[in-house]
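Here is a set of exercises with worked solutions, to be followed with the model open beside you. Take them in order and try each task before reading on.

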Amino acid sequence: MTPNFAMKLGWAAGQVLGAEGVREVLIGKDTRASGYLLESSLEAGFSSAGVNIALVGPLPTPAIAYLTSTFRADAGLVISASHNPYYDNGIKLFGRGGLKLNDAQEREIEHYLQVALDGGMSCVSSEKLGKARRIEDASGRYTEYCKATLPSHLSLDGLKIVVDCANGAGYKVAPAVYRELGACVVAIHATPDGFNINEQCGATAMHSLCDAVKAEGADLGIALDGDADRLMMVDHTGSVVDGDELLYLLTRQARAAGYQGGVVGTQMSNLGLAHALESLDVPFIRAKVGDRYVMQQLEEKGWRIGGETSGHLINLDHAPTGDAIVASLQVLACLLDQGASLHEAKQGLHKLPQTLINVRYQAQSGIDPVKEPEVRDLVDSITKDLGQEGRILLRKSGTEPLIRVMVEAMDATMAQKAAGRIADSIRQIVN
């Protein structure tokens, strides 16, 4: 991801969106130092294609989706690598209304990007260049939007909340939302310097939040990831409450309010979640890992609620995409309505012990360890032993040369032994 590449991507997107009548694209980012570099490059690319640019600065990814809609922008763009370290970065495009681009648009952008990479990038005449402007009140608008998702009869008065902002995009708006709703807020990891985003903090590293909740005597803790679309929580005992448990709480509350649809999880969702939802008579299906696949299944099924163990939570009645701040407010609303603590409310879900082992392999070797007969035979044998009270999942990482071996069983020792046997079998093949 270089400035040159970003400029050409901006130009390619501008060619496609401009041909569809796009007048302005809204650009946001997280707190990575490279975001400022890529923002300027994208601005140059869009301007050269004759598309105007509205800059909102560091804001959560779901904020960009919302603001794209509320500002009636023709498209939105986020510069972020979500939960990854500072040295990674990426670019995500939204269409009108903050919704994802369709497949045809993506293919067209890819075509023009290749044209630009091959040296075919052009520039409109001077009088047609796109203009840039900065939206000064973007964070305030998003703050008010989030606050409005908490039912008006509820308040956070009397709650002490520790918020881990991951030194990321939610570092200003998240504490402000909870404070303005009445909570006593202790913000940690809320001083981004461009290089400390997600560094031993946030939704992917929960230890400091667990410690802070206990040290502060707080009612609960809320952890965001770098672009604030992922939510994890901590109860007053310092125990982590993950995406499966939060999804169960939100579904149970929605069911009590009359929700008749089902829930979409992923291949990584704990088997205990499936059992708990079955007890609520709520249909449950698994999508591939990734919030985009959860959203696809929700659209196909016509359901409203879905999520991932990692904390991407979607309730389409409240937000068009995964939004950590909005999701946390729905959890808080659930607790306030029940008069229960987070620790008490999560007791209805009993997660099965789960063991996850990552096995590194050489992707370029041409060997697919997951499909090797020795591995498949062993998996089939262990699956038979586990019966209906366990589960095995083998999958390749989408970002690293890793095979992820996941085993769930009623007994933690059984899960560990089974995962170890499968991982050893894979290592014998790849080494």
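Strand 14 (313-315) and helix 11 (324-338) each supply at least two residues of the lining of the largest cavity; helices (H or I, at least four residues) and strands (E, at least two) are DSSP runs, numbered from the N terminus. The model is predicted, so local features need pLDDT of at least 70 and side-chain atom pairs count only at pLDDT 80 or more, while totals for chains, interfaces and linings use all residues. Residues are numbered from 1 along each chain as its sequence is written, and side-chain values use heavy atoms, with hydrogens and water left out.

**Exercise 1. The cavities**

Find the cavities of 30 Å³ or more and describe their linings.

Solution. Start with the rule: on a 1 Å grid over the protein atoms alone, a cavity is a set of points where a 1.4 Å probe fits but cannot get out, and lining residues have an atom within 4 Å of a point. Grid points are joined across faces, edges and corners, and a volume is the space filled by probe spheres set on the points. The count is 2 cavities of 30 Å³ or more.

Next, take the largest cavity, which holds about 70 Å³ of space. Its lining consists of L250, L313, I314, N315, H318, A319, T321, G322, D323, V326, A327 and Q330. Sorted by class, these are 6 nonpolar, 5 polar and 1 charged residues. Here Ala, Val, Leu, Ile, Met, Phe, Trp, Tyr, Cys and Pro count as nonpolar, Asp, Glu, Lys and Arg as charged, and the others, Gly among them, as polar.

Then turn to the second largest cavity, with about 30 Å³ of space. Around it lie T61, P62, K92, D229, D291, H312, T321 and G322. This lining has 1 nonpolar, 4 polar and 3 charged residues.

**Exercise 2. The mixed sheet**

In what order do the 5 strands of the open sheet with mixed pairing lie?

Solution. The order is 7-6-8-9-10; two strands pair if DSSP finds at least two bridges between them. Strand 7 (184-188) and strand 10 (240-241) each have a single partner strand, so one side of each is left without a neighbour in the sheet.

Now look inside the sheet: strand 6 (residues 160-164) and strand 8 (residues 220-224) are joined in the parallel sense over 4 bridges. D164 has A223 of strand 8 as its bridge partner. Finally, helix 11 lies across strand 6, strand 8 and strand 9 (231-235), at about 160° to strand 8. Axes are lines fitted to C-alpha atoms, for helices over the stretch in contact, and angles run from 0 to 180 degrees between N-to-C directions; contact means heavy atoms within 4.5 Å.

**Exercise 3. The antiparallel sheet**

Work out the order of the open sheet of 3 strands and say what packs on this sheet.

Solution. The strands follow the order 15-17-16, with antiparallel pairing. Strand 15 (354-360) and strand 16 (390-396) are the edge strands, each pairing on one side only. On average, neighbouring strands are turned by 10° against each other, direction ignored.

Strand 16 pairs with strand 17 (residues 402-409) over 7 bridges in the antiparallel sense, and L394 stands opposite V405 of strand 17. Helix 14 (residues 412-430) packs on the sheet, touching strand 15, strand 16 and strand 17, and its direction makes about 10° with that of strand 15.

**Exercise 4. Three helix pairs**

Classify how helix 3 packs with helix 5, helix 13 with helix 14, and helix 8 with helix 9.

Solution. The classes are set by angle: under 35 degrees is roughly parallel, over 145 roughly antiparallel, 65 to 115 roughly perpendicular and the rest oblique.

- Helix 3 (residues 61-70) and helix 5 (residues 138-148) pack at about 95°, with axes 10 Å apart, and are therefore roughly perpendicular. The contact joins P62, A63, Y66 and L67 of helix 3 to A138, R141, Y142 and Y145 of helix 5.
- Helix 13 (residues 373-386) and helix 14 pack at about 170°, with axes 9 Å apart, which makes helix 13 roughly antiparallel to helix 14. Their contact has 10 nonpolar, 1 polar and 2 charged residues.
- The axes of helix 8 (residues 243-256) and helix 9 (residues 271-279) come within 10 Å and cross at roughly 10°, so helix 8 is roughly parallel to helix 9. D244, L247, Y248 and T251 of helix 8 meet L273, A276 and L277 of helix 9.

Definitions and conventions
1 Å grid on protein atoms, 1.4 Å probe; cavity = no way out; pocket = protein on both sides within 12 Å on 5 of 7 lines; lining within 4 Å.
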